[in-house]
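New to this one? Have a look at the sequence and the 3D view first, then use the notes below as a guide.

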Amino acid sequence: MDRERLTIMIEVAVMAGLALVLSFVKFGALWAMGGSISLVMVPIFLIAFRRGFKVGILTGLLVGLLGLVTGPTIVHIVQLVLDYPLAYMVLGVAGIFAAKKGQLAPKASIIVVGLLLATSLRFLSHFSSGVIWFGQYAPEGMNPAIYSLFYNLSYLVPEMLITMALLLFLAKSYPQFFKTRSLT
């Protein structure tokens, strides 16, 4: 195994582990059927912007699988896939906006676009699950799609804004976090 590949594997493991730890640090606990505001997305986005979308997707997949091990809410196998592996995997899509060779960090506008795209994909995954399986918890007379929309936005928007602020801070203050180095 070459050194570059080993380094990437170590970075994926460290970032997935860090994301898991950060998922336990929650801001508020208002959501009865899952969802919380945490820093879980920060490591996934960092590695996606550093190493590209394939590595970002792999890291997100690992984070989602680790989430399954640490106390999931499961009502159906498809809901399990939508709320755990898929919801975190799609965050790696931000890696299509990864820093180019020789560039320290992506521009702030590129980080924002990548983060908005990937978080929107995560929202769609949770939203679909909410409409199909958690719509029964909607208040009497409320459309399950409206319920799922507001339920999922209530934690994903604040989490995305906090993640965005941290990523922009890191890109400005520590751009080396985003730069890949060739080890050969």
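What follows is a short tour of some helices, a salt-bridge network and a few single residues.

This is a predicted model, where local features need pLDDT of at least 70 and side-chain atom pairs count only at pLDDT 80 or more, while totals for chains, interfaces and linings use all residues. Residues are numbered from 1 along each chain as its sequence is written, and side-chain values use heavy atoms, with hydrogens and water left out.

**Helix α3**

- Helices here are DSSP runs (H or I, at least four residues; strands are E, at least two), numbered from the N terminus.
- α3 is made of 17 residues, and from its first C-alpha to its last it reaches 24 Å, close to the expected 24 Å. That expected span is 1.5 Å times one less than the helix's number of residues.
- The buried residues of α3 are Val-55, Gly-56, Thr-59, Gly-60, Val-63, Gly-64, Gly-67 and Leu-68. "Buried" means under 20% relative accessible area, "exposed" over 50%, and "partly exposed" in between (1.4 Å probe, protein chains only).
- Those buried residues pack against α1, α2 and α4.
- After α3 comes Gly-71, whose phi is positive, near 105°.

**Helix α4 and its kink**

- α4 covers residues 77–89, which makes 13 residues. From first C-alpha to last, α4 reaches 17 Å, close to the expected 18 Å.
- Look at Asp-83 for a kink of about 30°, shortly before the proline Pro-85. The bend at a residue is the angle between axes fitted to the seven residues ending there and the seven starting there.
- Buried residues in α4 are Gln-79, Leu-80, Leu-82, Asp-83, Tyr-84, Pro-85, Ala-87 and Tyr-88.
- What covers the buried residues of α4 includes α2 (41–51), α3 (53–69) and α5 (108–133).

**Salt bridges between α1 and α2**

- The count comes to four salt bridges, each being a side-chain nitrogen of Lys or Arg within 4 Å of a carboxyl oxygen of Asp or Glu.
- One of them joins the side chains of Arg-51 and Glu-4 at 3.0 Å, N to O. The pair links distant parts of the chain, with Arg-51 in helix α2 and Glu-4 in helix α1, 47 residues apart.
- Arg-50 and Glu-11 also meet, at 3.1 Å, N to O. This pair again connects distant parts of the chain: Arg-50 sits in helix α2 and Glu-11 in helix α1, 39 residues apart.
- Arg-51 has a salt bridge with Glu-11 too, at 2.9 Å, N to O. Here the partners, in helix α2 and helix α1, are 40 residues apart.
- Put together, Glu-4, Glu-11, Arg-50 and Arg-51 are linked in a network of salt bridges.
- Arg-51 counts as buried because its relative accessibility is 15%. Arg-50 is buried with a relative accessible area of 15%, and Glu-11 is buried at 16%.

**Ile-8 in α1**

- Ile-8 lies in helix α1 (residues 3–23). Ile-8 is partly exposed, as its relative accessible area is 22%.
- The C-alpha atoms of Ile-8 and Ile-47 are 9.3 Å apart, although 39 residues separate the two along the chain.
- Leaving aside neighbours within four places in sequence, Ile-8 is in contact with Arg-51 and Val-55. Contact means heavy atoms within 4.5 Å.

**Two neighbours in α6**

- Ser-148 is in helix α6 (residues 144–173), and Leu-149 is found there too.
- Is Ser-148 buried or exposed? Ser-148 is buried, because its relative accessible area is 2%.
- Leu-149, by contrast, is partly exposed at 27%.
- Outside the four nearest places in sequence, Ser-148 is in contact with His-126, Phe-127, Gly-130 and Val-131.
- Leu-149 touches Phe-123 and Phe-127, not counting residues up to four places away in sequence.
- Leu-149 and Gly-130 are 19 residues apart in sequence and 8.2 Å apart in space, C-alpha to C-alpha.

**A nonpolar patch**

- Val-25, Phe-27, Ile-162 and Leu-166 make a nonpolar surface patch of about 300 Å².
- Patches take residues with over 30% relative accessible area and no salt bridge, joining like charges within 9 Å and nonpolar side chains (Val, Leu, Ile, Met, Phe, Trp, Tyr) within 5 Å. Accessible areas come from the Shrake-Rupley method with a 1.4 Å probe; for residues, only the protein chains shown count as cover.
- Phe-27 is in the loop between α1 and α2. Phe-27 counts as partly exposed, at 40% relative accessibility.
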